Amino acid sequence: MRRDDLFAEVARCFVIERRPHMQGYIDCHCHISARDFDKDIDEVIKNSQKAGLLALLAVAEHAGEFDRIIDLSQRFPGFIFPCLGVHPVQEVSPGQQRGAVLQDLDAALPLIERYRDHLVAIGEVGLDFTPRYVSGDAEKDNQRQVLIRQAQLAKELDLPLNVHSRSAGRPTIHLLKEQGVEKALLHAFDGKPSVAMEGVKAGYYFSIPPSIIRSEQQKLVKQLPLENICLETDSPALGPEKQVRNEPGNICISAEYISKIKGVSLQKVMEATTQNALRLFPKLKSVVRP
């Protein structure tokens, strides 16, 4: 996409927000606690609201982020909603990462229990079989065990899962089904559309980031029913431009492209994805009133 076209898309989002009959968007997967936003978090939130964002779900990757996410949800009540979980890839030092192991849950579980009444989901959890993170079946099994435990926890707390599945689409969906998971969002799904349809049959939702303008997810969106699509930004990653910080305000770019691909109005995409998010994350309903 040309840079001028990208700016036009963003500008159109701000115009849309001013139409009184429009509802608004929900960013179902965002790393708003990332240090990338330390210096201008208030401006980022203000811009996202101007772009029509009603709420965003702040996901965690490790226990060290939990307190910060809770603090942000209290600083921006009714707008930032916390999801706590252990990501399938853990950083052990700058530039060095490995697959998650059960010990990574040790620090996380007491905090999840402490904040359980504040949570709208368990996440970000899942599987990541990218070769640079896993080198054998043992490491894959470690990730599976971490996901299984968190899937069990989500059921105990009656919360949905916010799921990562890079290079592991089929194994992730199969594991969720084996564990009896009924409520799940698969974010930025990179598996085959045919595999995604297995998730659709299980009642799972799929969230689409602004990077759709330059990714294979366009093929996925063509096949997914609108009733199973949500929006996300995965900020500060997966933006419309590579190596440029993504922000929640770019959520409307996802909606615009879904509208084009599905051949339906932006209004319909907005309404459907917001209602999908409210069905999947029912704790939003008491605060978010589209």
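Exposed, as used in these legends, means over 50% relative accessible area, and buried means under 20%. The model shown in every view is predicted.

**View 1. Asp158 and Ser167, two non-glycine residues with positive phi.** Asp158 sits in the loop between helix 5 and strand 7 (161-164). Its phi is near 55°, a positive value, and the residue isn't a glycine. With a relative accessible area of 57%, Asp158 is exposed. On the other side of strand 7, in the loop leading to helix 6 (169-178), you'll find Ser167. Ser167 also has a positive phi near 55° without being a glycine, but its relative accessible area is 43%, so this one counts as partly exposed.

**View 2. Strand 1 and its partner, strand 2.** Strand 1 is mostly covered, with six of its six residues buried. It pairs with strand 2 (residues 53-59) in the parallel sense, over four bridges. If you want a spot to start looking, Tyr25 has Leu53 of strand 2 as its bridge partner. To get from strand 1 to strand 2 the chain goes through helix 2, and this β-α-β crossover is right-handed.

**View 3. Ser33, tucked into the loop after strand 1.** The loop holding Ser33 runs between strand 1 (25-30) and helix 2 (41-50). Ser33 has just 4% relative accessibility, so it counts as buried. Leaving out residues up to four places away in sequence, Ser33 touches Val59, Glu65, Arg68, Ile69 and Leu72.

**View 4. Ile32 and the largest nonpolar core.** This core has 76 residues, and Ile32 is one of those touching the most other members, along with Tyr25, Leu56, Ile80, Leu84, Ile122 and Leu161. Helix 5 (residues 137-157) supplies the largest share, seven residues. Once neighbours within four places in sequence are set aside, the contacts of Ile32 include Phe37, Ile41, Val44, Leu56, Leu72 and Ile80, plus Ser235 and Pro248. A separate core of 18 residues lies apart from this one, and its members include Ala55, Tyr205, Cys230 and Ala277.

**View 5. Cysteines without a disulfide.** The count of disulfides comes to zero. The sulfur of Cys28 has its closest cysteine sulfur in Cys230, 4.3 Å away, and that's too far for a bond, because a disulfide needs the two sulfurs within 2.5 Å. Cys83 isn't in a disulfide either, as its nearest cysteine sulfur, that of Cys28, is 8.9 Å away. Cys28 is buried at 0% relative accessibility, and Cys83 is buried too, with a relative accessible area of 0%.

**View 6. Helix 9, largely enclosed.** Helix 9 (residues 251-262) has 12 residues and spans 17 Å from its first C-alpha to its last, close to the expected 16 Å. Nine of the 12 are buried, so the helix is largely enclosed by the rest of the structure. Among those buried residues are Cys252, Ser254, Glu256 and Tyr257. After the helix comes Gly263, with a positive phi near 70°.

**View 7. Two cis peptide bonds.** One cis bond runs from Gly123 to Glu124, with omega near 15°, and Glu124 lies in strand 6 (residues 121-126). The other view here shows the cis bond from Ser235 to Pro236, where omega is near 10°. Pro236 is placed in the loop between strand 10 (229-231) and helix 9.

Methods: Residues are numbered from 1 along each chain as its sequence is written. This is a predicted model: local features need pLDDT of at least 70, side-chain atom pairs count only at pLDDT 80 or more; totals for chains, interfaces and linings use all residues. Side-chain values use heavy atoms; hydrogens and water are left out. Buried means under 20% relative accessible area, exposed over 50%, partly exposed in between (1.4 Å probe, protein chains only). Contact means heavy atoms within 4.5 Å. A nonpolar core is a set of buried Ala, Val, Leu, Ile, Met, Phe, Trp, Tyr and Cys residues joined through side-chain atoms within 4.5 Å. The expected span of a helix is 1.5 Å times one less than its number of residues. Two strands pair if DSSP finds at least two bridges between them. A crossover is right-handed if, with the strands pointing away from the viewer, the path from the first strand over the helix to the second runs clockwise.
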